[in-house]
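User: Please take one part of this protein and go through it closely. I work at the bench, so keep it brisk and spell out the cut-offs.

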Amino acid sequence: AGLATGCGRGPDVDADATLPGLDAGEGAVEWRGSLPCADCQAIDTRLVLARSGGEHVYELVEVYVAVDGSMRFEEAGQWRLDDAVLSLEPTTGGLRRYGLLRGGGLQVRDPRGRAFPGREDDVLRLVGHHP
């Protein structure tokens with residue numbers, strides 16, 4: 001089964017992926033989505049990747065939506081794309097991973113770049129790119 005799905009990457013991963021709008025120079029690309037949360041109603045997420053002057057930077061904003069109020073978290077750092085896995089390295093340390101899907105969506109991944117079982121629908125949708 002691992003061979004059929006690209007060693008855990010999943011059937012919808014775009015193995016020849018390039019980031020829409022960033023494959024030919026400078027610009028920015030934006031994704032949004034509402035991800036599930038264990039102790040809140042949802043995590044409204046906005047991710048912007050930018051390429052400018054040879055730098056690959058990102059900004060991630062997550063709003064934890066809860067009945068008793070929402071909490072906003074912002075993160076920034078460097079990004080890279082390797083073999084359809086997007087890695088985000090925040091300036092504060094750590095690592096986040098997303099799989100780049102056919103159609104441009106980003107799927108939440110584990111630290112090794114593999115899809116989480118049962119979380120196949122945890123996807124950020126491409127909303128646009130800006131030159």
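Analyst: What follows is a close look at the loop between β7 and β8, with its surroundings.

The model is predicted: local features need pLDDT of at least 70, side-chain atom pairs count only at pLDDT 80 or more, and totals for chains, interfaces and linings use all residues. Residues are numbered from 1 along each chain as its sequence is written, and side-chain values use heavy atoms, with hydrogens and water left out.

First, the setting. The protein has zero helices and eight strands. Its elements run β-β-β-β-β-β-β-β from the N terminus. Here helices (H or I, at least four residues) and strands (E, at least two) are DSSP runs, numbered from the N terminus. Of the 131 residues, 38% are buried. Buried means under 20% relative accessible area, exposed over 50%, and partly exposed in between (1.4 Å probe, protein chains only). Of the contacts with a separation of 6 or more, 38% join residues 24 or more positions apart. A contact is a pair of heavy atoms within 4.5 Å.

Now the loop. β7 covers 106–109 and β8 covers 123–130, and D110 sits in the loop between them. D110 counts as buried because its relative accessibility is 12%. A polar atom of the D110 side chain lies 2.8 Å from the backbone nitrogen of R112. That fits a polar contact: N or O atoms within 3.5 Å, where within protein one must be able to donate a hydrogen and the other to accept it, and residues adjacent in sequence count only if both atoms are side-chain atoms. Leaving out residues up to four places away in sequence, D110 touches R97 and F116.

D122 belongs to this loop too. With a relative accessible area of 8%, D122 is buried. Beyond four places in sequence, D122 touches L35, P36, L106, Q107 and V108.

P36 leads to another loop, the one between β1 (27–35) and β2 (42–52). P36 is at 49% relative accessibility, so P36 counts as partly exposed. Besides D122, P36 touches I43, again not counting residues up to four places away. P36 and D121 are 85 residues apart in sequence, yet 9.6 Å apart in space, C-alpha to C-alpha.

Next in sequence comes the disulfide. The structure holds one, defined as a pair of cysteine sulfur atoms within 2.5 Å. C37 is joined to C40, S to S 2.1 Å. The S-S torsion of C37 and C40 is about 125°, so the disulfide is right-handed. C37, at 17% relative accessibility, counts as buried. C40, at 16%, counts as buried too.

Last, the pocket. The largest pocket holds about 250 Å³ of space. It has 15 lining residues, and the closest to its centre are E62, R96, Y98, V108 and R119. V108 is also one of the residues that D122 touches. Two or more lining residues come from each of β3 (55–65), β6 (96–100) and β7. β6 gives the largest share, three residues. The lining divides into nine nonpolar, no polar and six charged residues. Ala, Val, Leu, Ile, Met, Phe, Trp, Tyr, Cys and Pro count as nonpolar, Asp, Glu, Lys and Arg as charged, and the others, Gly among them, as polar. On a 1 Å grid over the protein atoms alone, a pocket is an open set of points where a 1.4 Å probe fits, with protein on both sides within 12 Å along at least five of seven lines; lining residues have an atom within 4 Å of a point. Grid points are joined across faces, edges and corners, and the volume is the space filled by probe spheres set on them.
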